Structures are given as structure tokens and as C-alpha cells.
Amino acid sequence: MTIYSRRPSKTIKRDDLLHPQISGNKWRKLCYNLSDAKQQGKKTLLTFGGAYSNHIYAVAAAGQLLGFKTIGLIRGEKPAEFGATLRFVKSAGMELHFLSRTAYRQKEIPKIINQEKCFLIPEGGTNGLAIPGCEEIVDEVLEQMDGKAPDYWCLSCGTAGTITGVISGLAGRSQVLGFPALKGDFLKDTIIRLQKEFNLAEQHNWQLITDYHFGGYARFQPELIEFMHSFYSETRILLDPVYTGKLFFGIFDLIEKNFFPKGANIVAIHTGGLQGIIGFNERYGTKLPDETDI
Ligand SMILES: *Cc1c(COP(=O)(O)O)cnc(C)c1O
């Protein structure tokens, strides 16, 4: 006799294990950009990001590893003291320029930078070349599951490049649930715009779950932190508080609320971002487990 469980089966795609520094979806989004930069003979990578950005961190690490000079244009005033992310990127040789919020919004490149020599990667690494990299997440999961696509693919969203690639890779199969790490419903339009911009087929098998931003980008509430501690003590898998912590909190909450049909298979994509935990603990006095704990 088979006893069907109400509880869905859960699988985690561990992209956090791809590389200790160029982790998760940032590696997926960078990989074809880096080979294009090499082919074009560019020696410098130029990109944008916040002072705690996983993308800035990944670009600095990739540049150091592969022999590119890197320049980071950072949002906001130069802080009196650097947080963990900026300390790392500086030690990896990244040249930093701090832009006012207005200049950053307009993606102004300081005049002293010779743009001709640079390979420009947008904020978060989301561009057309990021898409094939993210499509490969789908290929790898399907390969491990003997071609049988899970019913639900859950992942965290920031600039929505990763989810756009995953939707494209699935080509209409399964349901994709995006959990925005930011407040607001604008990401829906972003995904539709990216699909047009990158000439991808329009798909409808996705939706955004907008209830788990915990107040907005890099905001949190005690229940999120509590959940992350208990998730870690049960699984020994680290989550970051900005993206994947909120994603996993949301998935578990939806399971409790019987959102998923009986017997559904869920795959959660662990997009990495663990470097950010140390800086988060420094800023907010939280004591989340970080990479030094494993
Ligand atoms: C950057 C990041 C995201 C968001 O990816 P987008 O492609 O910008 O939507 C999700 N998870 C982690 C861990 C990240 O670092």
C-alpha cells in the first residue's frame, strides 16, 4: 500500500556550492559575460552595485581569478568604515568609485574611467548573456531527475534576471514561483520587459509570491531570523537573510497553508549569497550562522 503524504516533496538545488566566492546565481549570470569579455579582448570589468552586493563581490572574485581588472561603481557616499563586502572586494583589487544616489540611479560613469576599455556588466549582472547561464540551472535539475520536471520551481528574485532565465529554460513546463526580496509588485512588469528585451518566448507558467519581503530589501523581522536559525540547526544548510532566508521561510509557510497540491514536487533553488551574512550580522547585531560556522 502506498501512503500518499499531503506534504510535498522538497528538493534543494545547491547553487550555493558552485564556488566559495562566485556563488549561486551570480556565477550563472557572469559565466557567459566573462567568456564574451575575454573574446572581445577586454581587460577590465566595470559594474554597479550596493555596498553589500553579492554581485559586486562575485565580480571582484571572478576578476581576480581570471585576470581581469575590476571597477565597481558603488551606490551612495563612501562609508567611513567598510563593511565585509567592500573589505573583500578592495582586497581582491577592485577599484571603487562611490556615486551619489542620483548619479547611481542614472548609471553615470565617472569621466576618469575609459569606458572603451571596459566590459560593462549591469547591476546584478542581469543582461542577455545572463539568460543562457540561468537556463542551465534547469538543465542540471532535469538531468538529476531523469528528465522529470518538478511541479514547482521556487526562487528568490531581485533584478529578476535569474527567474527570467529559469522560465526560459523551462519553456512552458511546470510552475515557477518567484519570491521577491523587495517590496512591491513591479517585478512582474520587469520579467515581461526582460523577456521582450532578450527576445525570449513569452511564458505564463509563473507567478510572484509577494508576501515574504519582510518589509523590503535587506529588511527583516525577528521571525525570519528565528526561522533561519532553526533551518540551519535542522539541515546545516546556510541561508542568507536578504534572499534565500525569505524564500525558504515562504516555501515552508506556503506548505503549512496547503498552497501546494497533494504530492507536489517542489524544487527550491538556493541562489547562494552567503558572503552577505557577515556584513548583515555586523550591521544589525544579528548572530546568524555564517560561512565560518561550517
Ligand atoms: C542576487 C541574488 C538574487 C536575485 O537574483 P536576480 O537575478 O537579481 O533576481 C537571489 N538570491 C541571491 C542569493 C542573490 O545573491
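Let's start at Thr 159. One of its polar side-chain atoms sits 2.6 Å from an oxygen atom of the ligand. Keep in mind that this is a predicted model. Thr 162 does likewise: a polar atom of its side chain is 2.6 Å from a ligand oxygen. Then there is Asn 25. Here a polar side-chain atom lies 2.8 Å from an oxygen atom of the ligand.

How much of the ligand does the protein bury? On its own, the ligand exposes 380 Å², and the protein buries 98% of that.

Now, who surrounds it? The ligand has 15 residues around it. Those that come nearest are Lys 26, Lys 29, Thr 159, Thr 162 and Thr 271. Sort the shell by class and you get ten polar residues, three nonpolar and two charged.

Which elements give two or more residues to this shell? They are helix H1, residues 24-39, strand E6, residues 152-157, and helix H6, residues 161-170. H1 provides the largest share, with three residues.

Stay with H6 for a moment. Is H6 mostly covered or mostly open? Mostly covered: ten of its ten residues are buried. Among them are Gly 161, Thr 162, Ile 163 and Thr 164. So Thr 162 appears twice in this talk: it is on the list of buried residues in H6, and its side chain has that 2.6 Å approach to a ligand oxygen. Just after H6 comes Ala 171, with a positive phi near 45°.

Next, the second largest pocket. It holds about 190 Å³ of space. Its lining has 19 residues, and the closest to the centre are Asp 16, Pro 20, Ser 23, Leu 274 and Glu 291. Which helix gives the most to this lining? That is H2, residues 54-66, with three residues. By class, the lining of this pocket has eight nonpolar, six polar and five charged residues.

Last stop, the interior. How many cavities of 30 Å³ or more does the structure hold? One. The largest cavity has a volume of about 40 Å³. Its lining is made up of Met 228, Tyr 232, Ile 237, Leu 238, Leu 239, Leu 288 and Pro 289. By class, that is seven nonpolar residues, with no polar and no charged ones.

To recap the three sites. The ligand shell has ten polar residues. The lining of the second largest pocket has five charged residues. The lining of the largest cavity has no charged residues.

How values were computed. Residues numbered from 1 in each chain as written. Predicted model: local features only at pLDDT ≥ 70, side-chain atom pairs only at ≥ 80, totals over all residues. Heavy atoms only, no water. Near = heavy atom within 4 Å. Polar contact = N/O pair within 3.5 Å; in protein donor to acceptor, adjacent residues only side chain to side chain. Areas by Shrake-Rupley, 256 points an atom, 1.4 Å probe, with all protein chains shown as cover. Helix = DSSP H or I, 4+ residues; strand = E, 2+ residues; numbered from the N terminus. Nonpolar A, V, L, I, M, F, W, Y, C, P; charged D, E, K, R; others polar. 1 Å grid on protein atoms, 1.4 Å probe; cavity = no way out; pocket = protein on both sides within 12 Å on 5 of 7 lines; lining within 4 Å. Points joined across faces, edges and corners; volume = space filled by probe spheres on them. Buried < 20%, exposed > 50% of the residue type's maximum accessible area, 1.4 Å probe, protein only.
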